[in-house]
Amino acid sequence: MDAYKKYFGQLVGCKVIGFEMQDDGEDVWPALIMRTDGGEEIAVVLSRDPEGNGSGFAFIEPVGR
């Protein structure tokens, strides 16, 4: 669990600046284009598993805090 928190924690403070579907000729991958606090643009590409064995889906849900 700590490894996931460290890995995904990199996204805290990033701003979503775009969205695109990336087509690799076999799968279509949803990607959020983000800007880090340091100004770097990154793509958060959604996969079905950590090995990248296929494209995936992300649920967008309200946070009940």
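Where is aspartate 27 found? In this predicted model, aspartate 27 is found in the loop that runs between β1 (15-23) and β2 (28-35), and the views below start from that residue.

**View 1. The surroundings of aspartate 27, a buried acidic side chain without a salt bridge.** Although aspartate 27 is buried, no salt bridge is assigned to it, and the nearest side chain of opposite charge, that of arginine 48, is 4.7 Å away, whereas a salt bridge would require the charged atoms to lie within 4 Å. When its neighbours within four places in sequence are left aside, aspartate 27 is in contact with Gln22, Gly54 and Ser55.

**View 2. The antiparallel pairing of β2 with β3.** Strand β3 (residues 41-45) pairs with β2 in the antiparallel sense, and the pairing extends over five bridges. Isoleucine 33 stands opposite alanine 43, a residue of β3. The hairpin of β2 and β3 has five residues between the strands, and in this hairpin glycine 39 takes a positive phi near 90°.

**View 3. A nonpolar surface patch made by residues including Phe19 and Leu32.** Val16, Phe19, Met21, Val28 and Leu32 together make a nonpolar patch of about 440 Å² on the surface, to which β1 and β2 are the elements that give two or more residues. The largest share, three residues, comes from β1.

**View 4. Valine 28 in strand β2.** Valine 28, which is one of the residues of the nonpolar patch, lies in strand β2. Valine 28 counts as partly exposed because its relative accessibility is 39%, a value to be read against the limits of under 20% for buried and over 50% for exposed.

Conventions: Residues are numbered from 1 along each chain as its sequence is written. This is a predicted model: local features need pLDDT of at least 70, side-chain atom pairs count only at pLDDT 80 or more; totals for chains, interfaces and linings use all residues. Side-chain values use heavy atoms; hydrogens and water are left out. Helices (H or I, at least four residues) and strands (E, at least two) are DSSP runs, numbered from the N terminus. Buried means under 20% relative accessible area, exposed over 50%, partly exposed in between (1.4 Å probe, protein chains only). Lys and Arg count as positive and Asp and Glu as negative; His and the chain ends are not counted. Contact means heavy atoms within 4.5 Å. Two strands pair if DSSP finds at least two bridges between them. Patches are made of residues with over 30% relative accessible area and no salt bridge: like charges are joined within 9 Å, nonpolar side chains (Val, Leu, Ile, Met, Phe, Trp, Tyr) within 5 Å. Accessible areas come from the Shrake-Rupley method with a 1.4 Å probe; for residues, only the protein chains shown count as cover.
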